[in-house]
Amino acid sequence: MKNNLAYPAALLLFGLLFGFAFTYFLQVPWKSWMTITLYCVSLCWVLMAARSRLERLLPRTRLEWLTAGFALLILLSFTLHHSRHVWLSGYLRYFPFLVVLPFLCGKLMRPVDVNRLSKIIIYAGLALLPLLLLDLLFSARQLGQRWTFFGQDHSPLLVGGLLATALLAQGVRRAGSHGSDKKSQLFEYGLMVLLATALVWVSARGWLLSSMVALLVMAVITYKSRKLCVEYSRQFVLVLVTVILSLSFLPRPSSQFYAGLLTPPPQVAVAEGGGGEAGGVMEEATGVLGVTHHWEPILGDESCRPIIDGINSIAIRWTLYREAWEIFRLDPLAGVGAGNFGLYSCSGIMGFPHSTVLQAFSELGLLGGVLLLAIAFLMAREFLRDVSEPRAPEILNARQLVIALFAAYFLADQIYGNYFMSSGTYLLIGMFANLHVNRQS
């Protein structure tokens, strides 16, 4: 068990969520040392497994070199734009545990580990459902137009991530089933309906859209295999019908929350030149180059209204995306520095644009943005080669799981993401790099 990396991978993905639930039901406040302990356990587990798999640690593919280059660029940019005492209080403290550790864990995982992780994800998603129901019946509260769980305001995003991942893992499992009878098929489809219904109910719109797009992607890229293409197309239609029916039974506030996806964000006045009363001098952000950064919204104070109101998340993201574009225009070549988006944004210090691609372009410049897009492009190109190749079922299922999850996670990263904390995406990049090496060998 100690050499099976499915368990630390599951801890990295969903350990915090179940930790929140466990302490919440025990009425014990969640402490920072608990978070540190969880990630240290994962780190020690991966290091123990690495002793017998040292040959897998060195980069062997272009994908690994690109990922290593992107990580080094983040470190270099952070070093140039921040003083030393910010290293432990800013985003860099997340770097070893949410960037390096997930990538190394993925690189060391074998196909058997990936398939075991798939089972853990499905079981974890199903185990979460009664916990959500208990919380809803006895202690959940509504924040805006959706429920919060386990005492955490952003819990719908964590819950949605697990449910979407479990939905896709169950879909890949169903696609890999051979010779199953009608009852088994109905049971497996029933699990997908249950998970999709729960995903609608928790109102994690980004994860719902990402999982549906991932199923559509799988249907398209498996066109060479009629069996797989038909199966993933059937799953997409099943989830789509489930979503439509589920939305029709939601309470009015929740249905209006989803209707917001079809409503254009309100137009907000943008001041020429930005700045204003919302700004301030942040002395602790003084970098090693001797420059004192000023915090002021680049689009002006009026553009901050959606973020101050905190109601319309689509309008908030629209504001953040526009800010990212304007910040990129300040210094297209080098960017404003890793972790510095918030210095020019209504979101303030430690803010980020909720899009890893836009964050890379605005903070790291053209090189950072192009590197991240190159990683995604290289993954997509290899997807088309890998997914339908005749291979052993164990390897084929592992590759399909990684492909489906990466499609969902990369899209979700453009709705929720921060490249300092996209642990799921880095884990999947590492997993795919290792599977690609095995494909070539």
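This section walks through the helix packing, the aromatic pairs and a handful of individual residues in a predicted model.

Start with the overall picture. The protein has 441 residues, and buried ones make up 53% of them. Its secondary structure comes to 15 helices and four strands. Take the contacts with a separation of 6 or more, and 77% of them turn out to involve residues 24 or more positions apart.

Now for the helix pairs. Two packed helices are described by the angle between their axes and the distance between the axes. For helix 6 (residues 155-175) and helix 8 (residues 205-221), the angle is about 15° and the axes are 9 Å apart. An angle under 35 degrees counts as roughly parallel, so that is the label helix 6 gets relative to helix 8. The crossing of these two helices is right-handed. On the helix 6 side, the contact is made by Leu 157, Gly 160, Gly 161, Ala 164, Leu 167 and Leu 168, while helix 8 brings in Trp 207, Ser 211, Ala 214 and Leu 215. Sorted by class, this contact holds seven nonpolar residues, three polar ones and no charged ones.

Helix 14 gives another pairing, this time with helix 5 (residues 111-138): the axes come within 9 Å and cross at roughly 60°. Helix 5 and helix 14 are therefore oblique to each other, and their crossing is left-handed. Helix 5 contributes Pro 111, Val 112, Val 114, Asn 115, Ser 118 and Ile 121 to the contact, and helix 14 contributes Glu 394, Ile 395, Asn 397, Ala 398, Leu 401, Val 402 and Leu 405. The class count for helix 5 with helix 14 is nine nonpolar, three polar and one charged.

Helices 8 and 14 also turn up together in the aromatic pairs. A search of the whole structure gives 17 such pairs. A pair of aromatic rings is described by the distance of the centres and the angle of the planes. In the pair formed by Trp 207 and Tyr 409, the centres are 5.1 Å apart and the planes make an angle of 70°, which puts the pair in the edge-to-face class. Trp 207 sits in helix 8 and Tyr 409 in helix 14 (residues 393-416), so to speak a link between distant parts of the chain, 202 residues apart. Both of these residues are buried. Trp 207 is also one of the helix 8 residues in the contact with helix 6. Elsewhere, ring pairs join Phe 70, Phe 78, Tyr 91, Tyr 94, Tyr 419 and Phe 420 into a cluster.

Two members of that cluster show up again around Gln 359, a residue of helix 13. Leaving aside neighbours within four places in sequence, Gln 359 is in contact with Tyr 419 and Phe 420, and also with Phe 352, Pro 353, Leu 364, Gly 417 and Asn 418. Gln 359 has a relative accessible area of 0%, so it is buried.

Met 379 is also in helix 13, and with a relative accessible area of 0% it is buried too. Not counting residues up to four places away in sequence, Met 379 touches Leu 63, Phe 406, Leu 428, Ile 429 and Phe 432. From Met 379 to Phe 406, the C-alpha to C-alpha distance is 8.8 Å, against a sequence gap of 27 residues.

The loop between helix 12 (313-330) and helix 13 (356-386) is where Ala 334 is placed. Ala 334 has a relative accessible area of 40%, so it counts as partly exposed. With neighbours within four places in sequence set aside, Ala 334 is in contact with Glu 363, Leu 364 and Gly 365. Leu 367 lies 33 residues from Ala 334 in sequence, and the two C-alpha atoms are 7.5 Å apart.

That loop also holds a couple of backbone oddities. Most residues other than glycine have a negative phi. Met 350, in the loop between helix 12 and helix 13, has a positive phi near 75°. At 29% relative accessibility, Met 350 is partly exposed. His 354, found in the loop between helix 12 and helix 13, has a positive phi of about 60° although it is not a glycine.

Technical notes. Residues numbered from 1 in each chain as written. Predicted model: local features only at pLDDT ≥ 70, side-chain atom pairs only at ≥ 80, totals over all residues. Heavy atoms only, no water. Axes fitted to C-alpha atoms, helices over the stretch in contact; angles between N-to-C directions. Parallel < 35°, antiparallel > 145°, perpendicular 65-115°, else oblique. Left-handed = near helix turned anticlockwise from the far one by under 90°. Contact = heavy atoms within 4.5 Å. Nonpolar A, V, L, I, M, F, W, Y, C, P; charged D, E, K, R; others polar. Phe/Tyr/Trp six-rings, centres within 6.5 Å; stacked < 30°, edge-to-face > 60°. Buried < 20%, exposed > 50% of the residue type's maximum accessible area, 1.4 Å probe, protein only.
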